Amino acid sequence: MHKRQIWIIDFGSQYTQLITRKTRELGFSSEIITVEDAKERVDSGDKPNCFVLSGGPQSIFEDQYDYSFIFQADIPTMGICYGMQLMAQFHGGKVEKGTVAEYGHSKIHLQNGFEIKGCPRDINVWMSHSDHVVEIPSGFELIIESHNKLVAGIQNTEKRLFALQFHPEVEHSEHGKDILRYFYEVIAELKEDWDEAEMLKECQEVLETAGDEYVLCAFSGGVDSLVAASIAAPMLKDKLYCFFVDNGLLRPQDYGHIETLKKNTPLNIEIIDAKEIFLNNLKNIDDPEAKRKMIGKTFIDVFEQKVHQFENDHQIHFKYLLQGTLYPDVIESVSPHKKGGKSVTIKSHHNVGGLPERMKLKLLEPLRYLFKDEGRKIGEKLGLKHEWVYRHPFPGPGIGIRVLGELKEESIQKVQQSDQILFEELKEHNLYESIAQAFTVLLPVKTVGVKGDGRAYEEVICLRMVSTTDFMTATWTELPHQFLSRVSGRITNEVPGVTRVVYDITSKPPGTIEWE
């Protein structure tokens, strides 16, 4: 990874990733870093052009860590929420435990003649705090106040310090990018250094490490694996092989997509038909976690067997595994107990479901420092079709977690058929790209209905459609009643065994996007 201008020190906020995303969208290179990593690097002489201190769930009254290395480094620094409280306390200000908490939407007011280009004086933002600054440090000025008359923003232009009690990085905060740009350009005096060309260059440099060795790609056809393989193909040429495992838990659109890629790209894609193996292994399993584990284990077994067979048949040896790993995968796998990381571990980063070490494959992850939207930009720069790089995400276990309960062939078919109808109608009504993710779920309940003047006691399909920019939070998508009626009518008429269609109007949180 090339040196990044901005180090975003993670104090455990659920929004830390969003700071990086918004920063890069503005054209500035950045990385998320733990406190201990930052200290080690500063002590060794490595310094960024500026620091950003994230929010976090802790109270500064419980935090005994010495953060002097940040504030004594003479580097422009922005503090957000918890980061603001640290900055204020270190410089002699006073922070109190809040008696009035501010959570959710709030209105702020720019004070004392402070201006930000493009921003009005009154702005709606997103707050999430209880502790707050009650006395501003010497040398700082109040620049923003909340509608509750609490300190919401301070700055010290001489020391190039800037702090906010609210979260400019979240979509709920109006003019968030304008506020971030103010700090980067006016306070820190940074120049833009991040665009598609720089991203692609870094990806290519990762792939150069493969040299003349054979490279294997566990290819799903999704955005990430497609972009990674498309960057690698002209560099590795006939040394790159893409294996696509058909587990029988795919949608009709996935089969068509893979065939399209085989015909219209230079990628060497081989389809492994493992439908029967997966379905046999999943018999009598209805627990969602057990299903996930069995799908993952079966994938490993099928993939490993295919690799060994292919190597023997062609007298070659794969040395590298190409993956479409993204930056969120890397960030989320940082342990909260290592290197001062304060974020809760959401999931462990894995090599295609945990490929065994005995396969002795070295990883090639050209996208590991990019977000999905950045990967999409590279895909389009490479000339990949727009509809390929803007496909909706599809989970690794596939329909396996969209059939609630045991995976029977007829149940899988109900989801496949209903999902295809939803996909066709979204495309027909030009709604597909206005939704972040859309799919159907088969519920483990039956309901009475009427079909052909007779009583029907059949199953229920649930439609799930969400809007989001980051998949960390999501809202259910409001769609025209005429569209929903059309989809419902087609599903109940065309999918055997389905009598009723319902629409999931749960946001994330409290729900998750997938049902299992």
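Helices are taken here as DSSP runs of H or I with at least four residues, numbered from the N terminus. With that convention in hand, a tour of this predicted model can begin in helix α2, which spans residues 35-43.

Within helix α2, D43 and K39 are separated by about one helical turn, because the two residues lie four positions apart. Their side chains meet in a salt bridge, with an N to O distance of 2.8 Å. The two partners fall into separate accessibility classes: D43 has a relative accessible area of 52% and is exposed, while K39, at 28%, is partly exposed. The cut-off explains the label for D43, since exposed means over 50% and the value for D43 is 52%.

A similar arrangement can be followed in helix α10, which covers residues 288-314. Here D301 forms a salt bridge with K297, and the closest N and O atoms are 3.0 Å apart. Again the spacing is four residues, so about one helical turn separates D301 from K297. D301 is partly exposed, with a relative accessible area of 35%, and K297 also counts as partly exposed, at 47%.

The next pair takes the reader to another setting. R464 forms a salt bridge with D504, the closest N and O atoms being 3.4 Å apart. This pair links distant parts of the chain, 40 residues apart: R464 belongs to strand β18 (residues 454-467), whereas D504 sits in the segment after β20 (498-503). R464 is buried, with a relative accessible area of 1%, and D504 is buried as well, at 9%. Both labels follow from the cut-off, because buried means under 20% relative accessible area.

Salt bridges also join into a network, which links E424, E425, R486, R490 and E494. Over the whole structure, the search finds 33 salt bridges.

Attention turns finally to a polar residue without a charged side chain in the account above, T440. T440 lies in strand β17, which runs through residues 437-451. T440 counts as buried because its relative accessibility is 0%. What does the side chain of T440 reach at 3.5 Å? One partner is the backbone oxygen of V415. A polar atom of the T440 side chain also lies 3.5 Å from the backbone nitrogen of D419. Beyond residues up to four places away in sequence, T440 touches R402, V415, S418, D419, L422, I461, C462 and L463. V415 and D419 thus appear among these contacts, and each also supplies a backbone atom to the polar pairs, an oxygen from V415 and a nitrogen from D419.

Technical notes: Residues numbered from 1 in each chain as written. Predicted model: local features only at pLDDT ≥ 70, side-chain atom pairs only at ≥ 80, totals over all residues. Heavy atoms only, no water. Buried < 20%, exposed > 50% of the residue type's maximum accessible area, 1.4 Å probe, protein only. Polar contact = N/O pair within 3.5 Å; in protein donor to acceptor, adjacent residues only side chain to side chain. Contact = heavy atoms within 4.5 Å. Salt bridge = Lys/Arg side-chain N within 4 Å of Asp/Glu carboxyl O.
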